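Here is a short report on one protein model. Look at the structure first, then read on.

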Amino acid sequence: MNKEWSEKNKRIQDYVGKESTYKDAIDLLFELRKELFEQISQIVNGYPAEAFYQMPYANANGYHSKTLAYSIWHIFRIEDIVAHTLIAKDEQVLVTGGYQKKIGSPIITTGNELQGQEIAEFSKQLNIKALYEYAKEVMLSTDSILSKLDYSQMKIKFSDTDKNRLAESGCVSQDENARWLIDYWCSKDIRGLIKMPFSRHWIMHVEAMRRIKNKLCQIARKGADPVAYCGLSCNHCFLGEWCGSCRTEYNTCSFATLYEDRICHNAACCNEKNIDGCYECPELEECTKGFYAPGNDGAVSAKVQAMFIRKYGKNAFLEVHDRLHQRFDFARTQEILGQDIHEGLRIMENEYK
Ligand code: SF4
Ligand code: SF4
């Protein structure tokens, strides 16, 4: 488990049990949920539609055997059901926001009953943007419910009436992989629910989502040119786990994602000029477009690397990076190369000799 999230979660679990620290627990819980939701936002905003129904770990045991779309659906269906039908005893966001239709989901359940290929088929049908809006609304709605609770309500337990209400809602499948959920939720008090569906459950699924998307990026990069249009090396980039490279559909280059269409201006310009990369462009030295904008952190080092590629080729470039990265990490390498355009080129040339 991610160390920071795990530690935060432990503190929440500890603080929520004492009246003196209860308020801190809720504040920390909101903080953790915000961080985890940020991961979901990055995935939704960064990856192509097909990423959401791929199962790169289909035969594995664990949450990473699902899809990205299923994971989002499952986290927030469970939260919506528990927060509204069980705790607040009012209508779920799925109903009040008309989200089943917007998302295009054939089910209203948590999805626990779906197995193997059924998960991929289900995921293919979902409108991811609508699913994301639903997730956001559920999160905010739960936060609002939680912020109105006080410590004295933490020990509230649930009865057979609550169990019946959940069963009658049809939100939990009667399948043996799903029906246990009702007994599980109702065996807990509100504090117990805070410790699982509203926190730990998120962590486990968001971590699984990160594994899925890392694997998808890895698969996308197989066989793709590891040299970025601007002259950086995707093989050595610190974003390697997040980004499938600017030459694939899985491009989540932090620079490209600044643009709504997720297309880096350097990549677009190279494509317009029908050249392989900025290293083939006669305007390279003077260019101030996209990543080369004056003042952009990394502009000089990227240009240095493009100049080196132009002079010595991509193999030499990757070799030099292998050597530099034995001594420095990505950030430090860029810093060294980016001090000055001539000095940067000289350093690369020295490494090559
Ligand atoms: S961020 Fe840029 S250099 Fe890094 S992997 Fe993505 S495209 Fe390649
Ligand atoms: S003009 Fe600039 S961004 Fe366009 S290909 Fe040339 S170097 Fe790259």
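## A helix pair

The crossing of H12 and H15 is right-handed. This comes from a predicted model. Helix H12 covers residues 299–312, and helix H15 covers residues 341–352. Their axes come within 9 Å and cross at roughly 50 degrees. That angle makes H12 oblique to H15.

Which residues of H12 and H15 make the contact? H12 supplies Val300, Ser301, Lys303, Val304, Met307, Phe308 and Tyr312. H15 supplies Ile341, Gly344, Leu345, Met348 and Tyr352. By class, this contact of H12 with H15 has 9 nonpolar, 2 polar and 1 charged residues.

## Around ligand 1

Now turn to the ligands. The residues around ligand 1 include five cysteines: Cys234, Cys237, Cys243, Cys246 and Cys253. Ala228, Leu232, Leu239, Gly240, Ser245, Asn251 and Ser254 also surround ligand 1. The shell around ligand 1 holds 8 nonpolar and 4 polar residues, with no charged ones.

## Around ligand 2

Ligand 2 also has cysteines around it, among them Cys269, Cys270 and Cys278. Cys281 and Cys287 belong to the shell of ligand 2 too. So do Asn266, Lys273, Glu283, Leu284, Lys289 and Gly290. How many residues of each class does the shell around ligand 2 have? The shell has 6 nonpolar, 2 polar and 3 charged residues.

## Two domains

The protein chain is divided into two parts: domain 1 spans 3–221, and domain 2 spans 256–352. The C-alpha centres of domain 1 and domain 2 lie 42 Å apart.

Technical notes: Residues numbered from 1 in each chain as written. Chains lettered and ligands numbered in written order. Predicted model: local features only at pLDDT ≥ 70, side-chain atom pairs only at ≥ 80, totals over all residues. Near = placed C-beta within 6 Å. Nonpolar A, V, L, I, M, F, W, Y, C, P; charged D, E, K, R; others polar. Axes fitted to C-alpha atoms, helices over the stretch in contact; angles between N-to-C directions. Helix = DSSP H or I, 4+ residues; strand = E, 2+ residues; numbered from the N terminus. Parallel < 35°, antiparallel > 145°, perpendicular 65-115°, else oblique. Left-handed = near helix turned anticlockwise from the far one by under 90°. Contact = placed C-beta atoms within 7 Å. Domains from an automatic or database assignment.
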